[in-house]
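Could you walk me through this structure in my viewer? I would like to know what to select next and what I will find there.

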Amino acid sequence: MRATDLHTHSAVSDGTETPTALIEQARLAGLDIVALTDHDTDRGIAEAREAASSAGLGLLPGMEVSAKHHGRSIHILALGNTPAPGSDFALKLNEVRDSREKRAQHIVERLGEDFPITWEAVLEIASGRGVSVASVGRPHIADALTRAGVVTGRAEAFETMLAPHSPYYVPYRALEAAEAIAGIHASGALAVGAHLMTVKRGKGLSSDACQELVESGLDGFEVFHREHGEAERAALVEIAHERGLIVTGGSDYHGSGKPNRLGENTTSEESLERILEATSARL
Ligand code: AMP
Ligand code: ZN
Ligand code: FE
Ligand code: FE
């Protein structure tokens with residue numbers, strides 16, 4: 001039985017380590033297989049693959065795609081393949097990343113009126129982690145606020161000035177769920193709903209909403225995730241069983257950006273085999 005973690009982030013998005021360092025941490029944690037799933041970008045995959053190959057680990061290519069369902073923000077894991085360069089989906093993801101960056105600049109402009117924070121400081125942190133950042137997010141702003149002594153860390157920033165109800169908050173353009181799932185399928189990957197029933201206040205989807213995503217082509221659910229309690233796991237497993245979906249688990253590791261530890265949640269051999277078979281991924 002291989003130890004498999006199918007949800008991790010590097011500093012190519014909002015994790016804090018290079019893909020190489022992440023793979024080294026995965027080896028130390030006793031993992032055999034890791035999916036690198038940075039937000040809306042696959043730019044770290046090549047480096048991760050090389051590091052995994054040297055470390056004797058398997059690397060499953062992946063991405064965590066930002067989407068919306070009835071106007072609510074959701075995340076969808078693309079597992080097993082990445083979009084062809086220049087493909088429709090790759091171009092849409094470029095737009096999403098551009099929108100993320102403009103939105104982050106906008107948030108920083110608003111924050112800058114009340115707090116000692118600048119866009120330059122955010123970029124310095126985001127790009128100072130040994131790899132060029134492709135996908136900018138609120139965590140980078142949180143890190144700049146932390147360095148400036150405004151908050152104690154990402155958690156506090158997300159509870160206060162970066163929360164969606166905050167006057168400083170600005171949304172970005174995510175894809176419609178059906179559009180994201182179609183793009184993921186066009187890349188030859190499987191689409192797995194990430195932490196869809198998160199217990200975070202007001203953010204979890206109902207069983208009916210999860211069923212609707214299955215109608216839109218979702219292939220599986222990430223069941224084993226720290227933001228799912230027993231009730232959420234049971235509800236998702238029930239739908240997955242009824243509809244023949246794949247069930248996955250992962251840590252959602254962000255380096256030092258979150259308490260999540262590599263391997264704290266894992267994916268079964270059976271699910272891994274199904275993903276490998278459906279995507280012809282080579283580890
Ligand atoms: P964004 O991509 O800009 O919408 O920011 C969302 C990202 O922030 C997600 O990937 C989360 O992992 C991260 N995040 C959300 N809440 C927290 C928190 N309380 N502490 C640290 N990171 C968080
Ligand atoms: Zn993240
Ligand atoms: Fe997520
Ligand atoms: Fe994530």
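Here is a tour in seven stops, going from the metal ions to the pockets and then to a few single residues. Please keep in mind along the way that this is a predicted model.

**Stop 1: the zinc ion**

Start by selecting ligand 2, the zinc ion, together with Asp-14, His-39 and His-254. Asp-14 appears twice among the donors, through OD atoms, while His-39 and His-254 each use NE2. The coordination distances run from 2.1 to 2.6 Å. Along the chain, these donors follow the spacing D-x24-H-x214-H.

Now colour the chain by secondary structure and trace where two of the donors sit. Asp-14 belongs to the loop between strand 1 (4–8) and helix 1 (19–28), and His-39 to the loop between strand 2 (33–36) and helix 2, so this pair ties together parts that are 25 residues apart in sequence. Are these two residues buried or exposed? Asp-14 counts as buried, because its relative accessibility is 8%, and His-39 is buried as well, at 6%.

**Stop 2: the iron ion**

Keep the zinc ion on screen and add ligand 3, the iron ion; the two ions are 5.8 Å apart. Which protein residues hold the iron ion? Show Glu-64 (OE), His-75 (ND1) and His-195 (NE2), its protein donors, which lie 2.1 to 2.2 Å from the ion. Their spacing in sequence reads E-x10-H-x119-H. His-75 is in strand 4, whereas His-195 is in the loop between strand 6 (190–194) and helix 8 (207–215), so the pair ties together parts that are 120 residues apart in sequence. Both His-75 and His-195 are buried.

**Stop 3: a closer look at His-195**

Stay with His-195 and look at its backbone. Most residues other than glycine have a negative phi. His-195 has a positive phi, near 30 degrees, and is not a glycine. With a relative accessibility of 13%, His-195 falls under the 20% cut-off and therefore counts as buried.

**Stop 4: ligand 1**

Next, select ligand 1 and display the residues around it. How many surround ligand 1? There are 15, and the closest are His-39, Arg-103, Arg-138, Phe-158 and Lys-258. You have already met His-39 as a donor to the zinc ion; here a polar side-chain atom of His-39 lies 2.7 Å from an oxygen atom of ligand 1.

Two further polar pairs are worth drawing as dashed lines:

- Arg-103 places a polar side-chain atom 2.8 Å from an oxygen atom of ligand 1.
- Lys-200 has a polar side-chain atom 3.3 Å from a nitrogen atom of ligand 1.

**Stop 5: the largest pocket**

Switch on a surface view and centre it on Arg-138, Phe-158, Pro-164, Lys-200 and Lys-203, the residues nearest the centre of the largest pocket. This pocket holds about 1600 Å³ of space and has a lining of 46 residues. The elements giving two or more residues to that lining are strand 3 (58–69), strand 4 (72–79), helix 3 (88–112), helix 5 (138–147) and helix 6 (154–159). If you colour the lining by residue type, you will find 15 nonpolar, 15 polar and 16 charged residues.

**Stop 6: the second largest pocket**

Move on to Asp-42, Pro-83, Pro-85, Ala-90 and Arg-97, which lie nearest the centre of the second largest pocket. About 230 Å³ of space lies here, with 15 residues in the lining. Which element gives the most to this lining? Helix 3 does, with four residues; helix 2 (45–55) also supplies at least two. The lining divides into eight nonpolar, four polar and three charged residues.

**Stop 7: two last residues**

While helix 3 is in view, pick out Arg-100, which lies in this helix. Arg-100 is buried, because its relative accessible area is 5%. Draw a distance from its C-alpha to that of His-165: the two are 18 Å apart in space and 65 residues apart in sequence.

Finish at Ser-280, in the segment after helix 10 (269–279). Ser-280 has a positive phi of about 50 degrees although it is not a glycine. Is Ser-280 buried or exposed? With a relative accessible area of 63%, Ser-280 is exposed.

How values were computed. Residues numbered from 1 in each chain as written. Chains lettered and ligands numbered in written order. Predicted model: local features only at pLDDT ≥ 70, side-chain atom pairs only at ≥ 80, totals over all residues. Heavy atoms only, no water. 1 Å grid on protein atoms, 1.4 Å probe; cavity = no way out; pocket = protein on both sides within 12 Å on 5 of 7 lines; lining within 4 Å. Points joined across faces, edges and corners; volume = space filled by probe spheres on them. Nonpolar A, V, L, I, M, F, W, Y, C, P; charged D, E, K, R; others polar. Donors = N, O, S within 2.8 Å, 3.2 Å for Na, K, Ca; no water. Buried < 20%, exposed > 50% of the residue type's maximum accessible area, 1.4 Å probe, protein only. Near = heavy atom within 4 Å. Polar contact = N/O pair within 3.5 Å; in protein donor to acceptor, adjacent residues only side chain to side chain.
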